[in-house]
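Colleague: I am new to this structure and would like to go through it slowly, one question at a time. Could you show it to me before we begin?

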Amino acid sequence: MPAKPGAEHEWLGRMVGDWTFTSESQMPDGSTVIGKGTETVRSLHGMWFITEGKGGMAEGDDMAYISVLGYDQNKGAYVGSWSGSPTSHMFIYEGQRCQEGDCLPLKSTGPDFSDPSKTVEYIDRIDWIDEDTRTLTSLLPGPDGALIEFMKATYKRS
């Protein structure tokens, strides 16, 4: 029997549409880079949500990315992936919605900025501010294990 979208899919469905974003990233050298871009999110029959974005982390940067998010009813978890032109690594997501607030932290494993031969655990957290504004905050563990925010993007519905 085919799966049918549920409340978890509806939560993701709010992302469908066209968006503009601004971002602020902390570089390994301590500098801050401001970026901007556009994103389009579409739905595959309410089950999967495909994001295609382009923009940059710096003037003239033409980064492109694709993300797929959904809810795996058998796992009882949100799942997905992120692939982008800045890296050869595909990030595989899994997470649960926050108990408080309107957010979804997605865990993933990827290359360590300081030593790409090693991996670290990342969290990309989606927070809804209102129906036309959301943020994506990227976190990774610092030297002491505490999570450090290294990128935050604010998306506004176009």
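**The core and the barrel**

Modeller: Leaving aside residues up to four places away in sequence, Leu12 touches Phe49, Leu69, Gly70, Tyr71, Tyr78 and Leu104. Please keep in mind that this is a predicted model.

Colleague: Which residues have the most contacts inside the largest nonpolar core?

Modeller: In soluble globular proteins, nonpolar side chains tend to be buried together. Here the largest nonpolar core has 27 residues. Within this core, the residues with the most contacts are Leu12 and Ile126.

Colleague: How many strands make up the closed barrel?

Modeller: The barrel runs β1-β2-β3-β4-β5-β6-β7-β8-β9-β10, with antiparallel pairing. Neighbouring strands of this sheet are turned by 25 degrees against each other on average, direction ignored. Following the order from β1 to β10, the number of strands in the closed barrel is ten.

Colleague: Which residue in β4 stands opposite Phe49?

Modeller: Strand β3, residues 48-56, and strand β4, residues 63-72, pair in the antiparallel sense over eight bridges. Phe49 and its opposite residue in β4 are both among the residues that Leu12 touches. The residue standing opposite Phe49 is Leu69.

**Around strand β5**

Colleague: How many of the eight residues of strand β5 are buried?

Modeller: A residue counts as buried when its relative accessible area is under 20%. Strand β5, which spans residues 77-84, is mostly covered by that criterion. Of its eight residues, the number that are buried is seven.

Colleague: Which residue takes a positive phi in the hairpin of β4 and β5?

Modeller: β4 and β5 pair in the antiparallel sense over eight bridges, and one of the residues involved is Asp72, whose bridge partner in β5 is Ala77. The hairpin of these strands has four residues between them. The residue with a positive phi near 70 degrees in this hairpin is Gly76.

Colleague: Which residue of β6 stands opposite Gly80?

Modeller: On this side, β5 and β6 run antiparallel and are joined by five bridges, while a hairpin connects β5 to β6 through six residues. Opposite Gly80, the residue in β6 is Tyr93.

**Charged pairs**

Colleague: How many salt bridges does a search of the whole structure find?

Modeller: Side chains of opposite charge can pair when their charged atoms come close. One such pair is Asp127 and Arg125, whose side chains meet in a salt bridge at 2.8 Å, N to O. For the whole structure, the number of salt bridges that the search finds is seven.

Colleague: Is Arg14 buried or exposed?

Modeller: The side chain of Arg14 meets that of Asp102 in a salt bridge, at 3.0 Å from N to O. This pair links distant parts of the chain, 88 residues apart, with Asp102 in the loop between β6 and β7 and Arg14 in the loop between α1 and β1. Asp102 is partly exposed, with a relative accessible area of 26%. Arg14 has a relative accessible area of 18%, which is under the 20% limit, and therefore it is buried.

Colleague: Which residues are joined into one network by salt bridges that share partners?

Modeller: Arg157 and Asp132 also form a salt bridge, at 2.8 Å from N to O, and they connect strand β10 with the loop between β8 and β9, 25 residues apart. At 29% relative accessibility Arg157 counts as partly exposed, and Asp132 counts as partly exposed at 40%. The network joined by salt bridges that share partners consists of Arg14, Asp102 and Glu131.

**The disulfide and a buried serine**

Colleague: Which handedness does the link of Cys98 and Cys103 have?

Modeller: The structure holds one disulfide, formed by Cys98 and Cys103 with their sulfur atoms 1.8 Å apart. Cys103 counts as buried, at 0% relative accessibility. With -125 degrees about the S-S bond, the link is left-handed.

Colleague: How far apart in space are Ser25 and Ser138, C-alpha to C-alpha?

Modeller: Ser25 lies in strand β1, which covers residues 17-26. Its relative accessible area is 3%, so Ser25 is buried. In sequence Ser25 and Ser138 are 113 residues apart, whereas in space their C-alpha to C-alpha distance is 9.2 Å.

Technical notes. Residues are numbered from 1 along each chain as its sequence is written. This is a predicted model: local features need pLDDT of at least 70, side-chain atom pairs count only at pLDDT 80 or more; totals for chains, interfaces and linings use all residues. Side-chain values use heavy atoms; hydrogens and water are left out. Helices (H or I, at least four residues) and strands (E, at least two) are DSSP runs, numbered from the N terminus. Buried means under 20% relative accessible area, exposed over 50%, partly exposed in between (1.4 Å probe, protein chains only). A salt bridge is a side-chain nitrogen of Lys or Arg within 4 Å of a carboxyl oxygen of Asp or Glu. A disulfide is a pair of cysteine sulfur atoms within 2.5 Å. Two strands pair if DSSP finds at least two bridges between them. Axes are lines fitted to C-alpha atoms, for helices over the stretch in contact, and angles run from 0 to 180 degrees between N-to-C directions. A nonpolar core is a set of buried Ala, Val, Leu, Ile, Met, Phe, Trp, Tyr and Cys residues joined through side-chain atoms within 4.5 Å. Contact means heavy atoms within 4.5 Å.
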